[in-house]
Amino acid sequence: MSSTLLQTATRVLMPLLLLFAVFLLLRGHNEPGGGFVGGLVVAASFVLYAIAFGVEAGRRALLVRPSTLLGIGLLTALLSGVPAVLGGRPFMTAQWTEIGAGPESIALGTPLVFDAGVFLAVVGVVLTIVFTLADVSRPEE
Amino acid sequence: MSSSALAIAVVLSPFLALPLVGWLATRRDPAPVLLALVPGGLTAYFGYTYFRVAAHGPFVVARPWAPALNLSLSFYFDGLSTVFAVLIAFIGTLIVVYATRYLAGHEDRGRFFVTLFAFMGSMLGVVLSDNVIGLFVFWELTGFTSFLLIGFEHERPAARSAAMQALLVTSGGGLALLAAAILLMQSKGTASLATLLTTGGLASDPRYVPIVSLLLLAAFTKSAQFPFQFWLPNAMEAPTPVSAYLHSATMVKAGVYLVARMTPIAGGTMTWTGTIAVIAVITMTLGAVRALLETDLKRVLAYSTISALGILILLFGIGTPAAAAAGVVYLLAHACYKGALFLVAGAVEHETGTRDASSLGGLRQTMPATAAAAALAAASMAGIPLFFGFIAKEQFYGAVQLAGAGGAAIGVLIALAVVASTCLGAAGFIAGLAPFFARSQTTPSSHDAPAAMWLAPLGLGCIGVLLGIVPGLAAGPVSLATLAVTGTSSAVALVLWHGLNTTLVLSVVTLAGSVALFVVRDRLWQITWPVGLRTERVYSGVVSGLDRVSRRIAPALQSASLRSYVLTVIVTAVALVTTAVATGGVLPEPRRWTPVHFHEAVLALIVVAAAVSAVFARSTMAAVLSLGTVGYGVAVLYALFGAPDLAMTQFAVETLTVVIFVLVFYKLRGFGDLSSRLVKARDAAVAVAAGAVVMTLVLFVGASGTTSRLAGYFADAAPHLAHGLNVVNVILVDFRGFDTLGETTVLVTVAVGVRALLLIGREKRS
């Protein structure tokens, strides 16, 4: 089941979707968005890729195994709480630092790291489930 | 790093060292021997704290955790806890050296040493904890690591069931300890043992009897007292170093420690002393007699350990200075000789492949060093003069005579003490002399055990001799521990020669009796233990009863049908909400209708139509797509009514849900009629009821206006506390980030579970 239309469209859409996902993740703190929905968009883009080019191609495109993302994501989220402990505050107290000065300054903090962890974990969760289902659903030869 | 943080780190060092332990244990010999540096260093450290306590008195190191809940990580160093800590670390050092040889080349050596060190850390935590909740946590950790160590050879069903039995019995007692700790905190308002020790008057508290019952339940299960004694002999399924360390020298003494620690807090009444005396005397007598009927070296030692634990609990429960001092002496002596005998039994089994006392003999020819160690330990256990065991037994007899109860009771007590000691002495001969000095009945092994395996028991045996000849060396620790247990400082006189008195006569009678029993051991082995005294049957009955009950309940509660789960949840929710609304009279005036825009009406119609279509769809694809339409429609509603975050997430989730549904339904080819008319009618009724309840709630709840101050708070606080303008996201990742972390963990767990289930299914089919 390979459709040239879908494949061509996917080639164009995929980078846009991935960019959009990162955009969602980064803007989440001030505008609608965030790690969870960003992760869903990434997962959806890889599902689209898998539908267009096959599950094996989808797996290759991801570069890492989805189950690896599960671990990395959860660990990132967990570790984002550690700097607070090292500074003598309760676990997961947000730690912020200002980059630049004046109106252009950007506040960077551990919640962003936490959100990135959620982002990765969500990608891992959806793709673990979808890819495994796709493997299992494939008619047995 | 402050000194208290350093002290805490040192106490927890067996845990902190675990990664290193796992790595080092799997290196080539002799690298694993370096592991002994950890307990060796700990021995030195606790030796230092002992001298600090002796010079400056007890001290507490604490790190608060949740002060409002009385929770802290705190350790209390006094005479009792440091003596126990030194014992645990020192014996631990010998055990580690021994185990590196005992398990040389074993493929699971890493797992063994990691668990052993985790146990060591837990055990130190038990005896040093100042916080009673901390005490409970470490207590359960020792039970858990003991479970892992008994079941070390988990391929054998016997090891597995013995591990499970020990876990159920001792962690059941652990729960009693938790309850007792909470009651203590309620009654005294503090969780600190150091503070509890200085505030008296517990006996007049209405919670006194429950506290005592729970504490004693914990102590009796952990220290294998009657009627819970049966788990300890079964625990001999563990590798021998574990039996020597956990089930003789340390973990089973946790109950003894608890009694010793709690006697100044909860003792001094007939409830406490009387209960302890009865149970401990039964245990002491039955255990000692039973030990003589066994031929397996480790089971002989296990039953004699049960008996010794009874003696120790009895002495600490009596709690007079003389009894407490005798308890500490007995504790030290027992740890030395029993640990040594266990290690010897392990060496014998290692070399000959058997530990059946009735078939072993003459091993002194081929295992001279092990034989020497065994003989020293057996002599101490039998209480031969010039050995430390003799001093311990003298102290025991002396304390029993001074116990202070009425005349007849004292007579019975003394008689049973002599019977128990006599049997224990004979058991010591069986375990320490028979395999080496009896006439040879088996092919002796060709060589002695490796040095690491006889050095440890020989060292313990030599300590027994040293302290036996110069008992004054132990007087310092004994009087310091006695001071901690009784609160009164009294000079403890440990001397070899007490003069010609009753105690000496009793000792001579005991020794003669032991020799006599040892000579007729073959005949004793013919006797079978009365069925009525096998309390294990009660345990088996309870466990199999529980099994039967759960086999009956489980299918009803866990039908493994998603539909019935959903049905249960919805029906319960509808019923609860309806009852609350109907009886509570909480409904405000209904919400005023706002004008409906044309596009909103169209959207609502689309959602309803798609839902109806999903219900009546005749094909899989139609049903899935209809559901997707419902989801998208709702997402658009979110977007229209000012919840863009929710709308975005809903769009993404719906898209992925459709894909997952398609993948699942692809496999379920038949999309037939699975339900009868009646079931469909029921489902429809439930669905309509649920919809009606939710709609009513939405209509009425919205009308009352919100009284919550949270919305305002979050909107105000988000920009300046959390540097974010999107309140929804700020709540998710910052204010309530801990929730999100939990939810993420759930998601990850679900993904792993789904993958596992799907792959198991595939394996089964192929």
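The following exchange concerns a predicted model and takes up its confidence, two helix packings and the contact between its chains.

Visitor: What average pLDDT does chain B have?
Guide: Local features here need pLDDT of at least 70 and side-chain atom pairs count only at pLDDT 80 or more, while totals for chains, interfaces and linings use all residues. Residues are numbered from 1 along each chain as its sequence is written, and chains are lettered from A in the order in which they are written. On the scale of pLDDT, the predictor's confidence in each residue from 0 to 100, 95% of the residues of chain B score at least 70, and the average for chain B is 87.

Visitor: How are α10(B) and α13(B) oriented to each other?
Guide: Helix α10 (residues 208-222) and helix α13 (residues 253-266) of chain B, both being DSSP runs (H or I, at least four residues, numbered from the N terminus), pack with their axes 7 Å apart at an angle of about 160 degrees. Axes are lines fitted to C-alpha atoms over the stretch in contact, with angles from 0 to 180 degrees between N-to-C directions. Because angles over 145 degrees count as roughly antiparallel (under 35 roughly parallel, 65 to 115 roughly perpendicular, the rest oblique), α10(B) and α13(B) are roughly antiparallel.

Visitor: How many residues of the contact of α10(B) with α13(B) are nonpolar?
Guide: Among the residues that meet, with C-beta atoms placed from the backbone within 7 Å, are Ile211(B), Leu215(B) and Phe220(B) of α10(B) and Leu258(B), Val259(B) and Met262(B) of α13(B). Ala, Val, Leu, Ile, Met, Phe, Trp, Tyr, Cys and Pro count as nonpolar, Asp, Glu, Lys and Arg as charged, and the others, Gly among them, as polar. Beside one polar and one charged residue, the nonpolar ones number 11.

Visitor: Which residues of α6(A) make the contact with α3(A)?
Guide: The axes of helix α3 (residues 55-62) of chain A and α6(A) come within 10 Å and cross at roughly 150 degrees, which makes the two helices roughly antiparallel. From α3(A) come Val55(A), Gly58(A), Arg59(A) and Leu62(A), and from α6(A) come Leu127(A), Phe131(A), Ala134(A) and Asp135(A).

Visitor: Which element gives the most to the side of chain A that touches chain B?
Guide: The predictor gives the complex an ipTM of 0.92 and a pTM of 0.77, and 38 residues of chain A are in contact with 41 residues of chain B. On the chain A side, α2 (35-53), α4 (66-79), β2 (106-109; a strand is a DSSP run of E, at least two residues) and α6 (110-137) each supply at least two residues. With 16 residues, the element that gives the most is α6(A).

Notes:
Contact = placed C-beta atoms within 7 Å.
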